[in-house]
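Good morning, and thank you for coming. Please look at the sequence and the structure as they appear, and I shall then take you through a few places in turn.

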Amino acid sequence: MRYLLLSDIHANRPALEAVLHDAAGQYDGVWFLGDVVGYGPHPNECIELLIGLDCLGVAGNHDWAVLGRLNGESFNADARQVLLWTRSVITPTNQHFLESLPTSIASGDYTLVHGSPRYPIWEYILHAAVATANLDHFTTAHCLVGHTHSPALYECSSSSSRSAGRRRHCREVLLRAVPQPHSLPDARVILNPGSVGQPRDGNPQASYAILDTQASTLHHRRVTYPVQEVQAAMLELDFPARLVHRLALGM
Ligand code: ZN
C-alpha cells in the first residue's frame with residue numbers, strides 16, 4: 001500500500017489542494033497526522049477535503065483546542081485569536097469529524113500520532129534524543145509523527161539489537177525532497193513528513209510524503225502553492241500579521 005502522509009494542514013486550502021494535485025494517482029490510502037485546523041482561514045474546507053479522502057487520522061493539539069479539550073490559554077495570543085474564530089465558524093458535521101479522531105492509531109507496522117507516542121498531543125520530536133526516549137512507547141516497528149512542522153527521519157537501532165543488549169538509540173537522517181522514492185533504512189524509523197499548511201523549516205513550499213509500506217520506500221516532496229491567496233484570505237479576516245507573513249518565509 002502507498003500512503004499519502006499529510007500533517008499540520010492548518011486550514012490552508014491552497015496548500016492542501018496543491019499537495020493533492022501533486023500526489024494524484026500515486027497513493028492508495030491517506031494517513032493524516034493531526035492539526036487540520038488552526039492558524040489558517042479555511043478550517044471547514046480543509047476538513048471537508050480530508051473527509052472526502054476517507055483518511056485514517058489522529059488529532060493534533062489545535063484540533064483538540066477547537067473542541068475545547070485543551071484550554072486556549074495554552075496557546076500564544078496569535079494562535080488563540082484564530083482558535084476562537086475557528087470555534088465560531090466550524091460546522092457541526094466538521095466538529096464531529098474532529099471529535100472522531102483518536103490520539104493514536106496502530107496500523108500494520110506503523111503507529112500514527114501527532115506529537116510523540118509518549119505524549120501524542122503535545123511533545124515535539126525535534127531531536128534524536130527525544131526520538132530515542134520515545135522508542136519504548138510504541139509497539140509497532142515504526143512511528144509517524146507531525147507537530148514540529150519540519151520534515152525529519154530518525155533511524156533507530158532495531159529491537160533485535162536490544163535483545164543483544166546493545167544500547168538503543170535514534171539518529172537523524174537527512175531527509176530531502178527528491179524526484180524519486182528512496183528506500184527506508186533497514187531499522188525502526190520515526191518519520192515526520194513536514195507540514196502541508198505552515199512549514200517551519202525555512203522552505204515555504206507545502207511538505208508531504210508518500211510511504212510505500214510494501215516496498216519500504218519513501219517519497220518526500222515539496223510543492224509550491226499560491227501563498228498570496230491564503231494570505232489575502234487571512235488579511236480579510238484580520239488574522240495576526242505574524243501568522244500572515246510567516247507563510248511566505250516558511251518559518
Ligand atoms: Zn501544527
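Which distance should the 13 residues of helix α4 span, at 1.5 Å a residue? The expected span, 1.5 Å times one less than the number of residues, is 18 Å for α4 (residues 77–89), and its end C-alpha atoms lie 19 Å apart, which agrees. Helices (H or I, at least four residues) and strands (E, at least two) are DSSP runs numbered from the N terminus.

Before going further, a word on the basis. This is a predicted model, in which local features need pLDDT of at least 70 and side-chain atom pairs count only at pLDDT 80 or more, while totals for chains, interfaces and linings use all residues. Residues are numbered from 1 along each chain as its sequence is written, and side-chain values use heavy atoms, with hydrogens and water left out.

Let us stay with α4. Its residues D78, A79, V82, L83 and T86 are buried, meaning under 20% relative accessible area, with exposed over 50% and partly exposed in between (1.4 Å probe, protein chains only). Seen down the helix axis, the buried residues fall within an arc of 130°, so they line one face; the arc is that of the directions from the axis to the C-beta atoms. The face turned away from the buried side carries the exposed residues A77 and S88. The cover over the buried residues includes α2, α3 (61–66) and α9 (241–249).

One of these buried residues is T86, at 0% relative accessibility. Beyond its neighbours within four places in sequence, T86 is in contact (heavy atoms within 4.5 Å) with V37, P43 and V66.

I turn now to the zinc ion. Which residues coordinate it? They are D8 (OD), H10 (NE2), D35 (OD) and H149 (NE2), at 2.1 to 2.5 Å. Donors are N, O and S atoms within 2.8 Å of the metal (3.2 Å for Na, K and Ca); water is not among the atoms, so sites may look incomplete. Along the chain, the donors follow the spacing D-x1-H-x24-D-x113-H. H10 lies in the loop between β1 (2–6) and α1 (13–23), and D35, 25 residues apart from it, in the loop between β2 (29–32) and α2 (43–53). Both H10 and D35 are buried.

Finally, N192 is found in strand β10 (residues 188–192). Its C-alpha atom is separated by 9.4 Å from that of L6, 186 residues apart along the chain.
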